[in-house]
Amino acid sequence: MTCLLYLSVFPSNRPPKRKVLIRRWLAEGYARSDSLRSEEDIAGETFKTLIDRNIIQSIETRNDAQVKTFKTHAIMHEFLLHKSMSKGFIATSSRNHPRPCAYLNNACHLSVHGGSLTDSEASEEDLSRVRSLTVSGKAGDAISYVRKCKLLRVLDLDECNDLEDHHLKHIGKLWHLKYLSVGGTIEKLPSSIEGLHCLETLDLRRTKIKTLPIEAIMLYHLTHLFGKFTIDKDDLRNANKMSKVVKFLSGNKSNLKTLAGFLKELSISSATLTRDLLSSLINLGNLLYLKLIVNQLENFEMRKGAFPSLRHLCFVVRSLASPLPAIEQGALPNIVSLQLLCPGLVGLSGIQIRHLRHLKEVTIDRAVADQTRTDWEEATKNHPNRPRLLLFKNGDPMESEGPGHEEASAMREKRKICVVQPSSDLDSGLKKMRLSESSSRLQVIVHSNSSMQL
């Protein structure tokens with residue numbers, strides 16, 4: 001019944017997304033797990049039941065036939081809203097319901113559409129029971145409610161079109177917040193966001209934020225992070241902060257499942273690349289470029305589904321005491337460029353490239369033995385795509401930088417790589433290795449001994 005009444009939080013003229021509703025249910029604690037099913041499964045089943053009973057109607061569907069957006073039938077929405085307000089479950093302010101103050105003292109959920117509330121109305125009310133605040137349209141003075149709702153779990157400002165940076169000044173004091181979605185003209189998150197220890201969902205897709213404080217990705221309970229941004233440059237230059245990031249990732253402390261539009265390029269340098277670190281990277285669904293610079297690799301298998309979007313993979317291994325990671329069929333489904341810059345590479349090192357359907361080029365170190373070069377020439381020749389085999393000339397591997405660099409860097413790369421198999425268009429092949437400068441990049445360089453784990 002609670003999940004049903006919760007539908008009235010959303011304005012009737014703005015069809016919400018299925019995933020937004022489910023994540024909000026989870027943040028509110030309205031989908032409790034049992035011994036057989038997870039909270040996500042229960043929330044999904046509840047949503048399906050509402051669809052099957054014609055309480056809500058699908059508006060837009062995805063390619064896999066999953067509901068993307070939906071709406072509540074008009075008469076049903078009005079009934080649920082009346083029921084919710086009479087029970088003190090929801091207080092709302094809109095053109096149709098302009099006087100919410102009679103319900104504010106007891107309401108668990110506050111929904112404001114059009115900025116029709118004033119600060120004076122909020123100042124006299126007890127908002128200690130409010131668990132969610134949804135504001136759409138012009139925020140007006142309604143945004144002042146944020147600092148008054150001390151136990152807020154859900155803050156949805158996604159539809160606010162006049163939201164500004166100063167409105168989020170005190171956001172770090174909402175210690176119970178689990179769901180945060182913002183829009184408007186927001187350009188920067190305050191560093192106080194590190195105080196949101198319970199935050200599970202952070203949605204910044206409708207903002208103008210271009211850089212993200214590194215504290216945001218180090219929130220222990222953060223599961224879903226949405227937006228298009230890079231890590232703040234000052235944070236990347238801060239050795240202390242980067243060291244904390246490495247420890248955070250290596251200790252399996254991160255719960256991130258969704259990094260939509262976030263991390264696309266990653267470069268890691270360390271003495272030993274551990275199995276645990278590789279395991280934590282394989283599910284980064286948007287990662288396009290990965291470069292790993294190490295002295296030694298631990299044994300590792302890339303299983304089916306690993307690195308689903310990765311297009312460029314580069315291993316720089318200074319000594320090969322163990323084979324390179326085995327690549328099972330179904331792993332690296334979109335890989336285009338494979339770089340194995342390992343002077344000690346012996347033969348194919350257990351790597352089978354035939355099932356890499358989109359592979360266009362393989363790069364190996366020029367210092368490898370003649371037999372190893374012959375083995376790779378044969379492997380590329382027998383591949384259905386007949387990818388080019390490139391040789392990397394001697395030089396400092398750190399100078400072989402990732403995509404998105406200036407033309408001078410491109411010229412250096414051209415001098416370092418030569419073609420073994422003839423090609424009429426070397427330049428275009430090299431350009432394919434470079435992603436747009438708008439992509440998100442993160443470089444982690446760790447100076448550690450061989451016993452330290454990333």
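In the predicted model, the side chains of arginine 205 and aspartate 203 form a salt bridge, with 2.7 Å between the closest N and O atoms. The two partners differ in their exposure to solvent: aspartate 203 is buried, at a relative accessible area of 5%, whereas arginine 205 is partly exposed, at 42% relative accessibility.

Salt bridges with shared partners also join Arg14, Asp158, Glu159 and Arg206 into one network. Within this group, arginine 206 and aspartate 158 meet through their side chains at an N to O distance of 3.5 Å. This pair connects distant parts of the chain, the residues being 48 positions apart. Arginine 206 lies in the loop between strand E8 (201-203) and strand E9 (211-212), while aspartate 158 belongs to strand E6 (residues 154-160). Aspartate 158 has a relative accessible area of 16% and is therefore buried, since the cut-off for that class is under 20%. Arginine 206, by contrast, counts as partly exposed, with a relative accessibility of 46%.

A further salt bridge is formed by the side chains of glutamate 60 and lysine 68, with an N to O distance of 3.9 Å. This contact qualifies because the criterion for a salt bridge is a separation within 4 Å. Both residues are partly exposed: the relative accessible area is 37% for glutamate 60 and 27% for lysine 68.

In total, the structure contains eleven salt bridges, among them the pairs arginine 205 with aspartate 203, arginine 206 with aspartate 158, and glutamate 60 with lysine 68.

Conventions. Residues are numbered from 1 along each chain as its sequence is written. This is a predicted model: local features need pLDDT of at least 70, side-chain atom pairs count only at pLDDT 80 or more; totals for chains, interfaces and linings use all residues. Side-chain values use heavy atoms; hydrogens and water are left out. Buried means under 20% relative accessible area, exposed over 50%, partly exposed in between (1.4 Å probe, protein chains only). Helices (H or I, at least four residues) and strands (E, at least two) are DSSP runs, numbered from the N terminus.
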